[in-house]
Amino acid sequence: TSDAVIRSGLASSDPLLGDSLVMHHTGKTVAEYLDLYLATVFFITPEQNGAKGNIVQDDTDGLQDAIDKAAATSLMSGGIYTPVVVQLNKPYRITRTITIDGSRVRISSLSGCGIYVDPDGTYTDNKVFIITGNGPNAAVGASKAGCLFDGVLFLTSGDKTLDLFHAVRDSSASNNNGACLHNVNSISARGFR
């Protein structure tokens, strides 16, 4: 292959050429590394994963997909995960239990935005959010990893008894369990019994 062909391939915007041809020191291509990096620098929204945020559509899948994507793109640095933020920009209606890896994900909300927990939904053991994760010290304090929920408004109605949060203990040492301790900031929970 001539130098001209190589230069042309590296300069190409074709997704199979350009930065997909160059390896990063992490073992990923530069394109793959940038996808991971950009996901951690900015934030992920449920809308990027099909949610509408109109309280009419069931946004459970869009919210869960955003949370799963955030967990998958979280990188480890200095022995702990750097959590990725899922930003709530609208009110989202959910009808099923949501699972969050507390060692890799943070949920933040614009003022007045949040989650409407449909009381007619199906929730595993009446638990709305199941918090998992065993990343070292990932959720202990805002100074280390940020608030698990920051500024989120939780709403429901009806007579159904629901547990808003349920943490699953994934390790034997509580200070080494991303689901054991969590910091929440400026949340509101209305309509829960």
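**Salt bridges, helix H3 and the nonpolar core**

Tutor: In this predicted model, Asp58, Asp61 and Arg96 are linked in a network of salt bridges.

Student: What makes the pair of Arg96 and Asp58 a salt bridge?

Tutor: The side chains of Arg96 and Asp58 come to 3.9 Å, taken from N to O, and because the rule asks for a side-chain nitrogen of Lys or Arg within 4 Å of a carboxyl oxygen of Asp or Glu, the pair qualifies as a salt bridge. The two residues belong to distant parts of the chain, with Arg96 in strand S4 and Asp58 in the loop between helix H2 and H3, 38 residues apart. By this rule the count comes to four salt bridges.

Student: Why is Arg96 called partly exposed?

Tutor: Its relative accessibility is 35%, and since buried means under 20% and exposed means over 50%, Arg96 falls in between and is therefore partly exposed. The partner Asp58, with a relative accessible area of 31%, is partly exposed by the same reasoning.

Student: How do you know that Asp118 and Arg93 form a salt bridge, and where do the two residues lie?

Tutor: The N to O distance between their side chains is 2.9 Å, which satisfies the requirement of being within 4 Å. Asp118 lies in strand S7 and Arg93 in strand S4, so this salt bridge ties together parts that are 25 residues apart in sequence. Both Asp118 and Arg93 are buried.

Student: What makes Asp101 and Arg104 a salt bridge, and is Arg104 buried or partly exposed?

Tutor: Their side chains meet at 3.5 Å, N to O, and the cut-off is 4 Å, so the pair is counted as a salt bridge. Arg104 has a relative accessible area of 22%, and because buried means under 20%, Arg104 is partly exposed.

Student: How do you know that the span of helix H3 is close to what is expected?

Tutor: Helix H3, residues 60-73, has 14 residues and reaches 20 Å from its first C-alpha to its last, and the expected value at 1.5 Å a residue is 20 Å. Among the buried residues of H3 are Leu63, Ala66, Ile67 and Ala70.

Student: Which element gives the largest share of the largest nonpolar core?

Tutor: That core has 28 residues, and those with the most contacts inside it include Val86, Ile94 and Phe129. The largest share, five residues, comes from H3. Phe129 touches, among others, Ile94, Ile100 and Phe149, not counting residues up to four places away in sequence.

Terms used:
Residues are numbered from 1 along each chain as its sequence is written. This is a predicted model: local features need pLDDT of at least 70, side-chain atom pairs count only at pLDDT 80 or more; totals for chains, interfaces and linings use all residues. Side-chain values use heavy atoms; hydrogens and water are left out. Helices (H or I, at least four residues) and strands (E, at least two) are DSSP runs, numbered from the N terminus. The expected span of a helix is 1.5 Å times one less than its number of residues. Buried means under 20% relative accessible area, exposed over 50%, partly exposed in between (1.4 Å probe, protein chains only). A nonpolar core is a set of buried Ala, Val, Leu, Ile, Met, Phe, Trp, Tyr and Cys residues joined through side-chain atoms within 4.5 Å. Contact means heavy atoms within 4.5 Å.
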